[in-house]
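Colleague: Please take a close look at a single part of this model and describe how that part sits against its surroundings.

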Amino acid sequence: MDKEAKSTIPIKASKSSTSATPKKPHTHLSPAACEKKIAEGKELHERALKHLRTSLFQWSPDHVAAAPTLEAAGNCYNTAGELEQAQALYLLSADSHDKAGSAAACAQTLLKASKVAKVCTRQH
């Protein structure tokens, strides 16, 4: 596993409807609406990763901007039924909230992650 892959959440490709074992749907959205939410989540995730990168002019990661963006990306994946991705993004968001010094927001995001994890374990 390369160094960059460790610091980011891999975006999984959605399973097609022609797979041998159909995934139990967590959402009541149409497949087109799910794909739209997944695309929105990917865009928000990429935007959050830009806030966390450092450069010549930005010496430290911007956790204040990244945390709500990661949480919004997690919400998109949760709405689309991609629960593992949603949980991972919620955990990243909680970490960013913690590093930004917002303990209450960190706790709320961890609560969201635990609720998603509970639903994931029920599905398996």
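Modeller: Ala32, Lys36, Glu46 and Lys50 are the exposed residues carried by the face of helix 2 that is turned away from its buried side. This is a predicted model. The buried residues of helix 2 are Cys34, Ile38, Gly41, Leu44, His45, Ala48 and Leu49. Viewed down the axis of helix 2, these residues fall within an arc of 140°, so they line one face of the helix. Helix 2 has 22 residues, and from its first C-alpha to its last it reaches 31 Å, close to the 32 Å expected at 1.5 Å a residue.

What do the buried residues of helix 2 pack against? Their partners are helix 3 and helix 4.

Helix 3 covers residues 63-80, which is 18 residues. The helix reaches 25 Å between its first and last C-alpha, close to the 26 Å expected at 1.5 Å a residue. Its buried residues are His63, Ala66, Ala67, Thr69, Leu70, Glu71, Ala73, Gly74, Cys76, Tyr77 and Ala80. They pack against helix 2 (31-52), and also against helix 4 (83-100) and helix 5 (103-123). After helix 3 comes Gly81, with a positive phi near 90°.

The packing can also be followed through the largest nonpolar core, which has 16 residues. Within this core, Tyr77, Ala86, Leu89, Tyr90 and Val116 touch the most other members. At least two residues of the core are supplied by each of helix 2, helix 3, helix 4 and helix 5. Helix 3 gives the largest share, five residues. One of the residues named above, Ala86, touches Gly74, Tyr77, Asn78 and Val116 when residues up to four places away in sequence are not counted. Two of these partners, Gly74 and Tyr77, are among the buried residues of helix 3.

A further residue to examine is His97, which is placed in helix 4. His97 is buried, because its relative accessible area is 10%, and the cut-off for buried is under 20%. With neighbours within four places in sequence left aside, His97 is in contact with Ala67, Pro68 and Glu71, and also with Ser102, Ala105, Cys106 and Thr109. Of these contacts, Ala67 and Glu71 belong to the buried residues of helix 3.

Methods: Residues are numbered from 1 along each chain as its sequence is written. This is a predicted model: local features need pLDDT of at least 70, side-chain atom pairs count only at pLDDT 80 or more; totals for chains, interfaces and linings use all residues. Side-chain values use heavy atoms; hydrogens and water are left out. Helices (H or I, at least four residues) and strands (E, at least two) are DSSP runs, numbered from the N terminus. The expected span of a helix is 1.5 Å times one less than its number of residues. Buried means under 20% relative accessible area, exposed over 50%, partly exposed in between (1.4 Å probe, protein chains only). Contact means heavy atoms within 4.5 Å. The arc is that of the directions from the helix axis to the C-beta atoms. A nonpolar core is a set of buried Ala, Val, Leu, Ile, Met, Phe, Trp, Tyr and Cys residues joined through side-chain atoms within 4.5 Å.
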